[in-house]
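Thank you all for coming. I would like to take a few minutes on one model, and I will keep to what can be read from its coordinates.

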Protein chains: 2
Amino acid sequence: MAGTTVDEMLAVLRRDGDRVTSAKRAVLGVLTGSDEHLTAEQVAEGVHATHPDVHRSTVYRILDNFERRGLVSHVHLRHGPSVYHLTADQHHHLVCEQCDGVVEVPDKAMTGLRKVLLRDYGFSFDTPHFALTGRCRACRARESG
Amino acid sequence: MAGTTVDEMLAVLRRDGDRVTSAKRAVLGVLTGSDEHLTAEQVAEGVHATHPDVHRSTVYRILDNFERRGLVSHVHLRHGPSVYHLTADQHHHLVCEQCDGVVEVPDKAMTGLRKVLLRDYGFSFDTPHFALTGRCRACRARESG
DNA sequence: TTCCGTGCAAACAATTTGCAATAGA
DNA sequence: TCTATTGCAAATTGTTTGCACGGAA
């Protein structure tokens with residue numbers, strides 16, 4: 001585990017020779033302060049609440065840096081911007097194509113699939129980089145299907 | 001099934017009041033003539049072999065039209081452009097994050113996962129719009145893991 | 001004769017990059 | 001001091017759109 005508290009994450013940066021800046025602190029603050037998955041744009045917004053002068057491109061660069069350090073992951077839920085979350089909080093995403101809702105599922109739910117893919121294709125399915133698409137409970141009920 | 005031969009697909013278009021144009025025929029020709037998954041750009045290239053004057057934007061519009069008619073589907077395998085294939089040829093995609101290789105797997109391999117998601121989350125996972133990412137057999141062997 | 005389809009140029013959204021100035025260690 | 005980091009503007013990538021003309025039905 002790469003560390004889950006802000007201090008642990010800052011330690012990861014220092015260990016790798018990166019510098020700890022206020023912009024990085026602010027980005028970490030926004031990410032740890034939200035359960036939601038945030039787009040880079042939303043992270044920038046959050047950062048601007050306290051640091052109005054941090055540029056959008058800096059946020060992109062920081063998120064990219066954090067991702068290379070294993071602190072942050074990004075996922076594609078649908079078309080449009082991807083969303084970021086702390087790597088420590090790993091899970092898979094079910095996105096309803098009808099209502100656009102997102103259901104988070106623990107990795108445990110993938111155990112069976114993982115076995116099948118490994119056994120039959122030698123493929124280790126480990127990093128949830130994309131969502132699974134389909135139709136959620138509510139939408140299925142609504143349309144009696 | 002929406003039809004798999006070019007004639008059947010053209011019939012779908014006519015049935016819906018769409019016009020059958022040479023650009024549409026050319027796009028269908030390229031798609032049926034390739035096992036590969038093609039980006040819109042590659043489809044345009046293929047079309048240009050016989051119809052050099054068909055504009056890229058027209059190809060996008062045609063692909064979009066075909067998709068709404070259920071003839072074609074697009075999938076995101078990684079960052080960058082999405083790829084198109086005939087809907088009749090449905091399958092899931094495993095993309096290796098190390099070598100970028102793509103393994104196609106039949107829907108059958110998802111039966112177990114589909115059951116779990118339906119039972120535990122009421123979610124019907126039906127449309128493979130995104131790839132599953134991980135590491136393929138060759139890359140795992142190469143790194144002894 | 002309709003009105004869908006198309007070419008073209010321009011707009012767009014999300015993200016990346018080059019560069020010079022700034023600021024952590 | 002030394003070099004990672006940042007702000008800014010501009011470039012890139014993939015895709016969409018407005019408009020007026022041309023071609024299927």
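I will begin with how the two protein chains relate, then turn to the two DNA strands, and end with a few residues of chain B.

Please keep in mind throughout that this is a predicted model, so everything I say is a statement about computed coordinates. Chain A can be laid on chain B with an RMSD of 0.1 Å by a turn of 180 degrees, with a shift of 0.0 Å along the axis. That is the relation of a two-fold axis. As for the contact between them, 100% of the interface residues of chain A are also interface residues in chain B, so the copies meet through the same surface.

Let me move to DNA strand D. Of the 19 residues around this strand, the ones that come nearest are Arg19(A), Thr21(A), Lys24(A), Asp53(A) and Thr58(A), and sugar and phosphate account for 62% of the strand's atoms that come within 4 Å of the protein. One base contact deserves mention here, in that an N or O atom in the side chain of Arg19(A) is 2.6 Å from a base oxygen of DNA strand D. Chain B reaches this strand as well: a polar side-chain atom of Tyr60(B) lies 2.9 Å from a phosphate oxygen, and a polar side-chain atom of Ser82(B) lies 3.2 Å from a phosphate oxygen.

Which elements supply at least two residues each of the surface near DNA strand D? They are helix H2 (22-32) and helix H4 (56-68) of chain A, together with helix H4 (56-68) of chain B, and H4(A) gives the most, with four residues. By class, that surface has six nonpolar, six polar and seven charged residues.

Now to DNA strand C, which is surrounded by 19 residues, the closest being Pro81(A), Thr21(B), Lys24(B), Asp53(B) and Thr58(B). Of its atoms within 4 Å of the protein, 63% belong to sugar or phosphate and the rest to bases. Phosphate oxygens of DNA strand C lie 2.8 Å from a polar side-chain atom of Tyr60(A), 3.3 Å from a polar side-chain atom of Ser82(A), and 2.7 Å from a backbone N or O atom of Asp53(B). The elements that give two or more residues to the surface near this strand are H4 of chain A together with helix H2 (22-32) and H4 of chain B, and the largest share, four residues, comes from H4(B).

Finally, some residues of chain B, starting with strand S2 (residues 72-75), whose two faces are both covered: Val72(B) and His74(B) on one side, and Ser73(B) and Val75(B) on the other, are all buried. S2(B) pairs in the antiparallel sense with strand S3 (residues 83-86) of chain B over four bridges, and in that pairing Val72(B) stands opposite Leu86(B).

His74(B) has a relative accessible area of 12%, and is therefore buried. Its side chain makes a polar contact of 2.9 Å with the side chain of His79(A), and another, of 2.6 Å, with the side chain of Glu67(B).

My last residue is Val105(B), found in strand S5 (residues 102-105) of chain B and buried, with a relative accessible area of 1%. Beyond four places in sequence, Val105(B) touches Tyr121(A), His91(B), His92(B), Leu94(B) and Met110(B).

How values were computed
Residues are numbered from 1 along each chain as its sequence is written. Chains are lettered from A and ligands numbered from 1 in the order in which they are written. This is a predicted model: local features need pLDDT of at least 70, side-chain atom pairs count only at pLDDT 80 or more; totals for chains, interfaces and linings use all residues. Side-chain values use heavy atoms; hydrogens and water are left out. Copies are superposed by least squares on the C-alpha atoms of residues with pLDDT of at least 70 in both. Contact means heavy atoms within 4.5 Å. A residue is near a molecule or strand if one of its heavy atoms lies within 4 Å of it. A polar contact is a pair of N or O atoms within 3.5 Å; within protein, one must be able to donate a hydrogen and the other to accept it, and residues adjacent in sequence count only if both atoms are side-chain atoms. Ala, Val, Leu, Ile, Met, Phe, Trp, Tyr, Cys and Pro count as nonpolar, Asp, Glu, Lys and Arg as charged, and the others, Gly among them, as polar. Buried means under 20% relative accessible area, exposed over 50%, partly exposed in between (1.4 Å probe, protein chains only). Two strands pair if DSSP finds at least two bridges between them.
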